[in-house]
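Biologist: I've got this model open on my screen and I'd like a close look at one part of it. Could you walk me through the sheet, and then whatever sits around it?

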Amino acid sequence: MDTIHNLTQQYSNIQLEEEEEEIGLVYGNALATETTLDDRFCLVGKFLTTRSIDFDAMQHMIASLWQPGRGMFAKELDSNRYLFQFYHELDIQRVIDRSPWMFNNSLLVMARLKQGEDPKLVPLNRIDIWVQLHDLRPGFFSQRVVKDAGNVIGTFMESDPKNFDGMWRSYLRVRVSIVVDKPLQRRMKMRMEGGELFWVNFKYEHIPTFCFICGLLGHSERFCPKLFDIPAEQEVKPYGAWMRALPRRRNHQIDTKWLRPFMGGSAPREGGFEGSPEVGQTEIIDPLSSAAIVGGKSGIAILSSSNLGKNGQERSYGEDNSP
Ligand SMILES: [Zn+2]
């Protein structure tokens, strides 16, 4: 017994000594790495859900939504961490520009992989989203307001190029990057120096499920962790469906032969009116849309697909707030 004990002791001492020795390796900068991953066009993503993801179903669904011209490759890196590899800048950029994306009503939180970065360590906590600034007063329709409001909502990314193209609008649009583990911003106060104070309300486009109690993305109020702390009768919902922007386009089955493309005002738009609309299958931009219908009661002009670029209208979004 003693001998065994001694041996064990001895053995552990040896281990300890070896571990104490400096055995670290130092390399210069010029080490050639043999990564098999072409990381030029890669996205890393996770889904904001506690449910498990069926990887195979997900990759098929996502690929059919993204439709990359040069194809794509998806890989499960970890539980709820995926790599999406593209083969052309155009394909990956389209996916980024048209985000956020959903699968089974779960939000995909993604980030572009930087070259040389470990996909398993990429922080995943931000989404890019279009937000509409409503109830702005005259005198506040300015690029500076768009940028400042964007930085209140999250981090300003870009202003809708059509914000100031000469057409009347009831709101401005701003693309922002928001952190998903912080409550959504609902509104902000604004005023001119010495002027009257008013509220600017934020409406999020294609916003996935969020909680009306705590304002976080990823769960509905039925599953809010705050419910464990607040008695049901004291439960307040500072957030609400009013923070969702209305769908910007609808399909209508109407005869459009009387309608003409918008010709006056600003210069023709990229991807503007394309040919004569066919009777029956014409897309009409929602009247509340920023690039929608111009003119008063007498003159209506419709712009076809002029305002779709980054909105991915064919995405499947749940309009309800169910989890
Ligand atoms: Zn909540």
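Modeller: Here is a tour of the open sheet, the helix that packs on it, and then the strands that come later in the chain.

One thing up front: this is a predicted model. The sheet is built from five strands in the order 2-3-1-5-4, and it is open, with antiparallel pairing. Its edges are strand 2, at residues 72-78, and strand 4, at residues 101-103; each of these has a partner on one side only. Going from strand to neighbouring strand, the turn is 35 degrees on average, if you ignore direction.

Let's stay at the strand 4 edge for a moment. Strand 4 is paired with strand 5, residues 106-112, through three antiparallel bridges. To find that pairing on screen, click on F103: its bridge partner in strand 5 is S106.

Now for the helix. Helix 2, residues 55-66, packs on the sheet and touches both strand 2 and strand 4, which are the two edge strands. The helix direction makes about 145 degrees with that of strand 2. Over its 12 residues, helix 2 reaches 16 Å from first C-alpha to last, close to the 16 Å expected at 1.5 Å a residue.

Have a look at what comes just after helix 2, too. Q67 sits there with a positive phi of about 45 degrees, in the loop between helix 2 and strand 2. That's worth a second glance, because most residues other than glycine have a negative phi. Q67 is not a glycine. Is Q67 buried or exposed? It counts as exposed, because it has 12 C-beta neighbours inside 10 Å, and the cut-off for exposed is 12 or fewer.

There's a backbone oddity on the way into strand 4 as well. The peptide bond from S99 to P100 is cis, and its omega is near 10 degrees. P100 belongs to the loop between helix 3 (89-97) and strand 4. Most peptide bonds are trans.

Moving on along the chain, we get to another set of paired strands. Start with strand 8, residues 171-179, where seven of the nine residues are buried. Nine bridges tie strand 8 to strand 6 in the antiparallel sense, and one pair to look for is I127 with its bridge partner I178 in strand 8. Strand 7, residues 155-159, also runs antiparallel to strand 8, with four bridges between them. There, T155 stands opposite S177.

Strand 6, residues 126-134, has another partner in strand 10, residues 198-204, joined to it by four antiparallel bridges. Among the residues to click on is Q132, whose bridge partner in strand 10 is K203. Strand 10 is also joined to strand 9, residues 187-190, again antiparallel and again by four bridges. In that pairing K189 stands opposite W199.

Last stop: H206, in the loop between strand 10 and strand 11 (249-252). H206 has a positive phi of about 50 degrees, and it isn't a glycine either. Its surroundings are another matter: H206 counts as buried because 20 other C-beta atoms lie within 10 Å, and the cut-off for buried is 20 or more. So if you want to set two positive-phi residues side by side on your screen, Q67 is the exposed one and H206 is the buried one.

Notes. Residues are numbered from 1 along each chain as its sequence is written. This is a predicted model: local features need pLDDT of at least 70, side-chain atom pairs count only at pLDDT 80 or more; totals for chains, interfaces and linings use all residues. Two strands pair if DSSP finds at least two bridges between them. Axes are lines fitted to C-alpha atoms, for helices over the stretch in contact, and angles run from 0 to 180 degrees between N-to-C directions. Two residues are in contact if their C-beta atoms, placed from the backbone, lie within 7 Å. The expected span of a helix is 1.5 Å times one less than its number of residues.
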